[in-house]
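Student: Could you take me through one part of this structure closely? I would like to start at a metal site and then see what surrounds it in the chain.

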Amino acid sequence: MKFFLVLVLLVSALYGAKVVEVSQEYQKSQKCKACHLEIVKDWEGSWHAKSHYDKDEYFSKSIEYVARKSRKSSNSVKVQCATCHNPRIAVTDTGIDYEIQVLMELDKNSKVNKAIESSAINEGINCVVCHNIDKIHHDRDDTFRGMDRVSWTKSGLMVGPLEHSTSPYHETEHRDFMDEKSDELCFVCHANDRSIKGLVFTNMQDEYKKQDKACVDCHMGTKTVGVASTLRTQDGHTKKREVREHSFFGAHTENLWINALELDVWQEKDEILIALKNPQPHNIPSGFGSRELIIDIEYMKPGNIVNTKSISLTRHYTRRKGKPTIPHLAQEMSEDISIPANGKKVLKVKKEADTTSVEVKVYYRLVNDEVHSILKLKEAIWSKKFFINSKSLKLKQ
Ligand code: HEC
Ligand code: HEC
Ligand code: HEC
Ligand code: HEC
Ligand code: HEC
């Protein structure tokens, strides 16, 4: 036991995240608006900006559920999740002492509560998360993500992709993970997401089949000529730069799903085959557990629908004794149903007697029914079906 403790202490001393305080003038995106208005506005619309227990219902209800089921205080779970969701938090772990304080209701003025309630983290993944990363530690074990995988610059030094940039408000430095190696920045958090039992339920880095495009090419748009800063230089001009949008559009944006998968439908004897092809370099669904693809099939006779069938492609997560649960508490999960990166999956259904055609429609949902009901999610976005693709086929008799 003693040996184990020493080892744990040693490991956390070696790898434990170091907090570097961000001073007031850089902490919030508001302070960047005077010179980076467009970027701030783009980012405000992103889900990176919602990565906080007050701003994302699915996230906050997951925290409460994990706390309840693992008999921890919800603040301890918040600190745990902050590793990737709020990595500029001022505390990096809580201990048994804190749990006792909570039980005795003595936690109110504790360092932990102050850190969690601090407005410094309520912007989620903001400017000083990505642009204050000094170094990404590839030497560390794969399980170290988010704040445990990086070291921070001193407050006021912004790293970025630009060559020869200067700013009167902050220092600047170039980093290759902001530029030609930007995938590495995304994989700080978008990889190796695991349950409290150590089950890896998503690993985008593992499944990634890179071709010509980087994450930023699709999720921040292509580079266009614009300005990185609207601040005018002494001769009254702004500096032209190649820039991207800070929109980080993704799974929550309905119109991006259109054609995200290719669909092919054909008949072989009395079977209908449905091929889903994924041209993206990562699996779909991916990113987070319990996402879902829905394939609706309508069997038709001229003029009317005779029958319908719905196929759900999703993953199910279980705890002790096979009880359904959410990804973060899972001991086991069902097989991978996702359409592999640059790959395809073919499903088969029976042709129904006397039908003359079928219409196949493919949708995406952020949360499957199982997790939706476990967490009692209320907002409409979690049950909405985002349209991906459709095809109809005349049937041979
Ligand atoms: C999730 C990480 C992330 C967050 C959060 C983020 N950025 Fe960036 N930022 C990047 C990346 C990656 C680039 C490089 C884009 C490229 O290839 O041009 C970049 C580029 C920039 C640039 C250079 C112009 C450009 O488009 O290349 C500025 C200025 C900038 N960011 C400011 C900000 C500000 C201000 C915020 C907060 C509102 C912010 N960033 C939030 C990742 C981030
Ligand atoms: C007074 C104006 C001003 C303010 C306020 C300001 N910046 Fe800048 N920033 C600049 C200028 C000017 C540049 C250089 C632009 C160029 O060279 O094209 C710059 C560049 C950057 C870059 C790119 C650095 C590089 O080398 O690639 C980042 C990232 C950045 N700023 C982040 C921020 C963040 C985050 C804030 C808010 C905390 C902020 N800035 C506030 C003026 C400002
Ligand atoms: C510090 C950790 C961190 C880094 C670095 C990071 N992300 Fe994220 N990202 C997250 C988290 C956490 C979420 C989920 C936020 C939520 O839904 O509340 C997310 C969400 C997303 C989404 C989904 C948005 C949606 O609407 O569904 C996309 C796309 C994305 N990130 C792209 C990127 C790209 C591209 C990069 C690299 C330039 C990057 N991220 C870097 C943590 C990170
Ligand atoms: C060739 C374009 C392309 C590239 C490159 C790409 N993505 Fe995606 N990604 C998509 C499309 C299309 C979707 C589905 C629609 C949407 O969410 O925008 C998607 C979905 C996602 C999702 C939500 C997945 C889900 O099923 O819920 C995340 C998270 C994400 N991407 C992150 C990343 C990260 C991180 C990288 C780099 C490692 C990356 N993407 C590279 C096109 C791309
Ligand atoms: C390894 C980094 C990492 C850690 C630690 C982490 N997350 Fe996440 N989480 C992410 C990323 C990246 C995404 C975005 C994936 C996507 O959009 O598909 C995400 C997305 C989510 C989502 C989906 C949000 C939405 O709007 O759809 C939930 C819920 C969530 N996380 C819960 C948690 C909880 C609860 C914890 C702590 C017990 C936690 N996460 C810890 C990286 C992490």
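Tutor: Start with the iron atom of ligand 2. Its protein donors are His-36 and His-170, each through NE2, at 2.0 to 2.1 Å. Keep in mind that this is a predicted model. The site has six donor atoms, and the angles among them run from 87 to 178 degrees. That makes the site octahedral. For comparison, ideal angles for six octahedral donors are 90 or 180 degrees.

Now place the two histidines. His-36 sits in helix H3, which covers residues 33-44. His-170 sits in the loop between strand E3 (157-160) and E4. The two are 134 residues apart, so the pair links distant parts of the chain. Are these histidines buried or exposed? His-36 is partly exposed, at 24% relative accessible area. His-170 is buried, at 16%. The cut-off for buried is under 20%, so the two fall into separate classes.

A second iron atom belongs to ligand 5. Its only protein donor is His-85, again through NE2, at 2.1 Å. His-85 is in helix H5, residues 74-85.

Go back to strand E4 and step just past it. Side chains of opposite charge can pair when their charged atoms come close. Arg-175 is an example: it forms a salt bridge with Asp-134, with the closest N and O atoms 2.5 Å apart. Asp-134 belongs to strand E1 (residues 133-136), while Arg-175 is in the loop between strand E4 (171-174) and helix H9 (182-187), so the bridge ties together parts 41 residues apart in sequence. Arg-175 is buried, at 13% relative accessibility. Asp-134 is partly exposed, at 30%.

Follow the chain into helix H9. There Asp-183 meets Lys-210 in another salt bridge, at 2.9 Å from N to O. Lys-210 lies in the loop between helix H10 (204-207) and helix H11 (215-219), so this pair connects parts 27 residues apart. Asp-183 is buried, with a relative accessible area of 9%. Lys-210 is partly exposed, at 43%.

A third bridge lies further along the chain. Lys-385 pairs with Asp-296, and their closest N and O atoms are 2.8 Å apart. Lys-385 is in the loop between helix H12 (369-375) and strand E18 (386-394), and Asp-296 is in strand E11 (residues 292-301), so the bridge spans 89 residues of sequence. Lys-385 is partly exposed, at 35%. Asp-296 is buried, at 16%. One of the bridges you have met is also part of a network: Asp-134, Glu-173 and Arg-175 are joined by salt bridges that share partners. The full count is 17 salt bridges.

Now step back to the domains. The domain assignment gives domain 1 as 20-208 and domain 2 as 254-394. Their C-alpha centres are 32 Å apart. The contact takes 21 residues from domain 1 and 33 residues from domain 2. How many salt bridges are there between domain 1 and domain 2? The count is zero. The area buried between them is about 2400 Å², and carbon and sulfur atoms give 64% of it. On the domain 1 side, Glu-57, Tyr-58 and Phe-201 supply 31% of the area that domain buries against domain 2, more than any other three residues.

Finish with some backbone details. Most residues other than glycine have a negative phi, and most peptide bonds are trans. Asn-192 has a positive phi of about 55 degrees, although it is not a glycine. You will find Asn-192 in the loop between H9 and strand E5 (193-194). Asn-192 is buried, with a relative accessible area of 8%. Phe-248 is not a glycine either, yet its phi is positive, at about 40 degrees. Phe-248 is in the loop between strand E8 (240-243) and strand E9 (262-268). It is partly exposed, at 24%. Last comes a cis peptide bond, which joins Ile-284 and Pro-285 with omega about -5 degrees. Pro-285 lies in the loop between strand E10 (271-277) and E11. Strand E11 is also where you met Asp-296, the partner of Lys-385.

Technical notes: Residues numbered from 1 in each chain as written. Chains lettered and ligands numbered in written order. Predicted model: local features only at pLDDT ≥ 70, side-chain atom pairs only at ≥ 80, totals over all residues. Heavy atoms only, no water. Salt bridge = Lys/Arg side-chain N within 4 Å of Asp/Glu carboxyl O. Helix = DSSP H or I, 4+ residues; strand = E, 2+ residues; numbered from the N terminus. Buried < 20%, exposed > 50% of the residue type's maximum accessible area, 1.4 Å probe, protein only. Donors = N, O, S within 2.8 Å, 3.2 Å for Na, K, Ca; no water. Tetrahedral: all angles 85-135°; square planar, octahedral: opposite > 155°, others 65-115°. Domains from an automatic or database assignment. Contact = heavy atoms within 4.5 Å. Buried area = accessible area lost by both parts, 1.4 Å probe.
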